[in-house]
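The following exercises are intended to be worked with the coordinates at hand. Each task is followed by a stepwise solution.

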Amino acid sequence: MNTVSVSALCEFAARTGSLEFRYTPAPSSVEGIIGHRTVQERRPEPYIAEYALKAECKDLIVSGAVDGYFADKTSPFLEEIKTYRGHLNRVGPSKRALHWAQLKIYGALFCQLSGRTDINLRLTYFEVRHEEETHDEQIHDAEELWAYLETLCQRYSLWLKQEQAHRIQRDQALRSLGFPFGGFREGQRELSESVYKAIHTARPLLLQAPTGIGKTVGVLFPALHAMPVQKLDRLFYLTCRNTAKQVALEGLRMIIDHQQAPTPIRVLELSSLEQACDQPDAACHGDSCPLAKDFFDKLDAARSDAVAQPFLDAEAIRAIAKQHGICRYFLGQEMARWADIVVADVNHYFDQHALLFALTEANDWRVVPLIDEAHNLIDRARSMYSLELAESEMLYTIRKPPKALQKSLARLEGAWNEMVKPYLETASEDQHHRHIEKEVPDALNDALYNLIASITDYLTDHHRAKDIQHVLFTASGFLRLAESFGDHSLCTLRFDASPGWNTKITGSGSLAIDNLIPADHLAERFKRAHAVILFSATLSPPEYNRDLLGLPEDTVFEDIPSPFRREQLDLRLVTTINTRFDYRSDTLPLLAERIHQQTERKPGNYLVFLSSLAYVDELAGFLQSHYPSLR
């Protein structure tokens, strides 16, 4: 019998209404934990925190822990606690309905186990900054609650049986997967064997292999073969450039299309919000965007169509979303739960709020990330965990600040001045000042929180204010990084002062958090994976990449020798053709003649690299007119 958590059951079967991604700063995980404990500690005896409940329903074991159970004999109640920051009216009807769904399931389980005919349910919202509680209580009949649970379980159970059948078919097909070509290229077999061994032994692999031997297919093929053997749930093919995603998708198509029998593998391409948004001037909630309105009411049909089309690249997702009138970005996010292989940018697994890592944690997946061009991951990770808070950006990005924000912006301006004041008192005659801080100064924090709250209020009715949204995202991102600041990063305060006056030049301040060693941020991501394959043509020295990325000491390094021979390279230096801009028209005939002579001497395919597009066009026209026989 299958087990499902209350939260997972609700996420799949109980969501209704519209998307509601309003501009509300959410509490951090630490604030959420503290908020729950604060509320629980306020309750009198006999109150039991994290009360575990479990019962069978429709071939499922449903389990979870309600936040609190007041075990009074005369007036017991179950309590679910939700933390938030700012104003409670930011929690929209769809989210509240989901919260009530969770609490009603707990009520159904409790009544089933205790034999009660009804139960009082309390939904408590807790504002983390001011520690204020808001309650909503309802008494529900046990039969009504159980009928509601049965409806959700029926929907989830049907989908689960379909997914289990797909998993069996997928694994059977992968066990007999054939290599898509007649044989391996030189070096490609050794590469594939290294990948398979790393997954088999559950160890990280740094794989250095030369360009041109077929790394993409050489990595994907053994990883697919290992999925049924190692009982892997997902493969994540992660890239540092968008063009590399297309190479991965082409490699997967090649493998699938060259099989003798149909191969039921679900492939998904994840896109960024900027790439996949069809309503860029609208906010991501039903009151603003028509593609967000009633999203969850339409999702069941769209999801069923999506799993019936196993190769979900960006165009396929776009077509399905358009057919059902929903947001293609969030449809892609949903399908990440049900795809076998996800092709995505590295930030979808390594960023602070990475979707793929969050799903891996929530569902306890066995995953293997395959990281292409892994030499770029260090710089990409540094940028994920770095941010500069510029005074000019925060105060003057908003060209005409509305009255609702003027007080908060003035408070922030005052906080900037107060922060640099101690340095001005001892300032030298230098105009430019730079100070390395041992920790992130908290002088701006209250002002930033106040500004975030004001902007959040304002954006409720003015969702198209892009400049104001930008300030909100920058402020929120900075505060999140400040919470995790450590020895792996630098905090630098910069400002300009008027020489001789010891006064800061307005708008010149900046406070930057620069991550230098991303290891602390990434180590947990690597540890959580069953194995991880990082491959590139350049991963030497391996210790450098291992230590900066936070890989464990038992990480394996494989260097695949190049199959290319020295005699394959014919290097010739021509020093008589000047390609500087002023000489191009004079030397163009010499260059064209040289190309013609080479292609006559050894026919074949050639690439010609030039220093500008204009030069390319000029040469192409010259060749066409003077050497028309040249292909």
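The exercises below concern a predicted model and proceed from the whole chain to single residues.

**Exercise 1. Overall description**

Task: Determine the secondary structure content, the extent and the burial of the chain.

Solution:
1. The chain contains 22 helices and 21 strands.
2. Along the principal axes, its C-alpha atoms fill a box of roughly 100 × 80 × 50 Å.
3. Of the 631 residues, 51% are buried.
4. The exposed surface amounts to about 31,700 Å², of which carbon and sulfur atoms supply 50%.
5. Of the contacts between residues at least 6 apart in sequence, 77% join residues at least 24 apart.

**Exercise 2. Geometry and surroundings of two helices**

Task: Compare the end-to-end distance of α9 with its expected span, and do likewise for α3.

Solution:
1. Helix α9 covers residues 295-307, which is 13 residues.
2. The distance from its first C-alpha to its last is 18 Å, close to the expected 18 Å.
3. A kink of about 30 degrees is nevertheless present in α9, centred on A301.
4. The buried residues of α9 are F295, F296, L299, A302, R303, A306 and V307.
5. An α-helix has 3.6 residues a turn, so residues three or four places apart point the same way.
6. Among the elements covering the buried residues of α9 are α1 (6-13), α4 (142-175) and α10 (314-324).
7. For α3 (residues 93-114), 22 residues should span 32 Å, and the end C-alpha atoms lie 31 Å apart, which agrees.
8. After α3 comes G115, with a positive phi near 80 degrees.

**Exercise 3. Cysteines**

Task: Establish how many disulfides the structure holds, and why C10 is not bonded to C153.

Solution:
1. The number of disulfides is 0.
2. A disulfide requires two cysteine sulfur atoms within 2.5 Å.
3. The closest cysteine sulfur to that of C10 belongs to C153, and at 9.6 Å it is too far for a bond.
4. C111 is likewise in no disulfide, the nearest cysteine sulfur being that of C57, 13 Å away.
5. C10 is buried at a relative accessible area of 0%, and C111 is buried at 5%.

**Exercise 4. Salt bridges across the sequence**

Task: For the pairs K245 and E269, E361 and R528, and E391 and K504, state the N to O distance, the sequence separation and the burial.

Solution:
1. The count of salt bridges is 33.
2. In the pair K245 and E269, the closest N and O atoms are 3.6 Å apart.
3. K245 belongs to helix α7 and E269 to strand β10, 24 residues apart.
4. K245 is buried at 3% relative accessibility, and E269 is buried at 8%.
5. E361 and R528 meet at 2.9 Å, N to O.
6. Because E361 lies in helix α13 and R528 in helix α19, this pair ties together parts 167 residues apart in sequence.
7. E361 is partly exposed at 41%, whereas R528 is buried at 17%.
8. E391 and K504 also form a salt bridge, at 2.9 Å.
9. With E391 in helix α15 and K504 in strand β18, the pair joins parts 113 residues apart in sequence.
10. E391 is buried at 0%, and K504 is buried at 12%.
11. A network of salt bridges with shared partners joins R42, R43, E79, R122, E131, E133 and E137.

**Exercise 5. A loop residue**

Task: Decide whether E373 is buried or exposed, and identify which residues it touches.

Solution:
1. E373 sits in the loop between β14 (367-372) and α14 (377-384).
2. Buried means under 20% relative accessible area.
3. At 19%, E373 therefore counts as buried.
4. Leaving aside residues up to four places away in sequence, E373 touches C240, R241, F535 and S536.

Terms used: Residues numbered from 1 in each chain as written. Predicted model: local features only at pLDDT ≥ 70, side-chain atom pairs only at ≥ 80, totals over all residues. Heavy atoms only, no water. Helix = DSSP H or I, 4+ residues; strand = E, 2+ residues; numbered from the N terminus. Expected span 1.5 Å × (residues − 1). Bend = angle between axes of the 7 residues up to and from the residue. Buried < 20%, exposed > 50% of the residue type's maximum accessible area, 1.4 Å probe, protein only. Contact = heavy atoms within 4.5 Å. Areas by Shrake-Rupley, 256 points an atom, 1.4 Å probe, with all protein chains shown as cover. Salt bridge = Lys/Arg side-chain N within 4 Å of Asp/Glu carboxyl O.
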